[in-house]
Amino acid sequence: MNDSEKLKYQIALSLVPAIGFVHAKRLMAAFGSAEAVLKASKKDLQRVPNIGEFIAQKVVSCNVLDKAEQEVEFIEKHRISYAFYTDKNYPKRLKRCVDAPLVLFWKGNIDFNAEKMVAIVGTRNATNYGREFCDALISEMAAHGGYSVVSGLAYGIDVAAHKASLKQGVPTLGVLGHGLDMIYPTLHKQVAVKMLKDGGLVTDFVSETSVERQNFLRR
């Protein structure tokens, strides 16, 4: 099986409704590959510990391969990098999390395993003091070297952290609540483009994902 075909099944597994990251990984451990999981019978799926009839039925009745194939085409067309949670290039820290996403997609020049990664998030209604504190904090990081800043590209403190990082030459990574076919909010598109040079954008959502509140909470 070539890489594109393998990726198609991996993305498809991540798209099965109501299955969740934990159950998907349990099934992967039992069957060895995403393709094997999606081709398994309902009876065989139910033999896996903690996989009941409801989840097994979701797997056998899912209709996600066409969408997954479209996503592979999108990835190849736009030269998007990706990693399945079993791949060597999947972030080491994230791999330790029980609920880590099955697949990540990203653009830019990202070192997920940088020694010093600091997440900076905050209110969307940032005060001048909040922005100034953010600037001062990242300036201090830049002075000591070796830091990368992670945030969510949202209004307020998030985008302030990205802007300060760009200003100080600190690599910065934006975690998105949607696919890489768009930037939300659109007002931050120019910031996002600049981030691709030293940092980047990452998501576990496929293209054409609706911008919904629960996606940003999951992010």
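**Charges, patches and odd torsions**

Author: Glutamate 71 and lysine 67 are about one helical turn apart, because they sit four residues from each other in helix H6. Helices here are DSSP runs of H or I with at least four residues, strands are E runs of at least two, and both are numbered from the N terminus. The model is predicted, so local features need pLDDT of at least 70 and side-chain atom pairs pLDDT 80 or more, while totals for chains, interfaces and linings use all residues. Residue numbers start from 1 along each chain as its sequence is written, and side-chain values use heavy atoms, leaving out hydrogens and water.

Reader: What makes glutamate 71 and lysine 67 a salt bridge?

Author: The N to O distance between their side chains is 3.9 Å. The rule asks for a side-chain nitrogen of Lys or Arg within 4 Å of a carboxyl oxygen of Asp or Glu, so the pair passes.

Reader: And how do you know whether glutamate 71 and lysine 67 are buried or exposed?

Author: Buried means under 20% relative accessible area, exposed means over 50%, and partly exposed is in between (1.4 Å probe, protein chains only). Glutamate 71 has 2%, so it's buried; lysine 67 has 22%, so it's partly exposed. Through shared partners, salt bridges join Lys67, Glu71 and Glu208 into one network.

Reader: What is unusual about the phi of glutamate 208?

Author: It is near 65°, a positive value in a residue other than glycine. Most residues other than glycine have a negative phi. Glutamate 208 sits in the loop between S6 and H11, and it counts as exposed because its relative accessibility is 63%. Alanine 18 also has a positive phi, near 70°; alanine 18 is in the loop between H1 and helix H2 (20-31).

Reader: Why is alanine 18 called exposed?

Author: Its relative accessible area is 55%, so it clears the cut-off for that label.

Reader: How many salt bridges does the rule give you?

Author: Six. One of them joins aspartate 44 and arginine 47, with the closest N and O atoms 2.2 Å apart. Aspartate 44 is partly exposed because its value is 32%, while arginine 47 is exposed at 54%.

Reader: What about lysine 8 and glutamate 5, why does that pair count?

Author: Their N to O distance is 3.2 Å, which meets the salt-bridge rule. Both residues lie in helix H1, three residues apart, about one turn of the helix.

Reader: Why is lysine 8 called buried, given that it is a charged residue?

Author: The label depends on accessibility, and lysine 8 has 11%, so it is buried. Glutamate 5 has 29%, so it is partly exposed. Leaving aside neighbours within four places in sequence, lysine 8 is in contact (heavy atoms within 4.5 Å) with Leu65, Ala68, Glu69 and Val72.

Reader: Which other buried charged residue can you show me, and how do you know?

Author: Aspartate 204 has a relative accessible area of 17%, so the label is buried. Aspartate 204 lies in the loop between strand S6 (199-203) and helix H11 (213-218). With the same four-place neighbours left aside, its contacts include Phe21, Val103 and Arg218.

Reader: What makes Tyr129, Phe133 and Leu137 a patch?

Author: Patch residues have over 30% relative accessible area and no salt bridge; nonpolar side chains (Val, Leu, Ile, Met, Phe, Trp, Tyr) are joined within 5 Å, and like charges within 9 Å. These three make a nonpolar surface patch of about 340 Å², with areas from the Shrake-Rupley method and a 1.4 Å probe, only the protein chains shown counting as cover for residues. Tyrosine 129, in helix H8 (residues 128-144), has 60%, so it is exposed.

Reader: Which residues form the charged patches?

Author: Asp66, Glu69, Glu73 and Glu76 form a negative one, and Lys92, Arg93, Lys95 and Arg96 a positive one. Lys and Arg count as positive, Asp and Glu as negative, with His and the chain ends not counted; each charge is placed at NZ of Lys, CZ of Arg, CG of Asp or CD of Glu. Aspartate 66, at 54%, is exposed, and so is arginine 96, at 69%.

Reader: What makes the bond between tyrosine 184 and proline 185 stand out?

Author: It is a cis peptide bond, with omega about -5°. Most peptide bonds are trans. Proline 185 is in the loop between strand S5 (172-175) and helix H10 (189-195).
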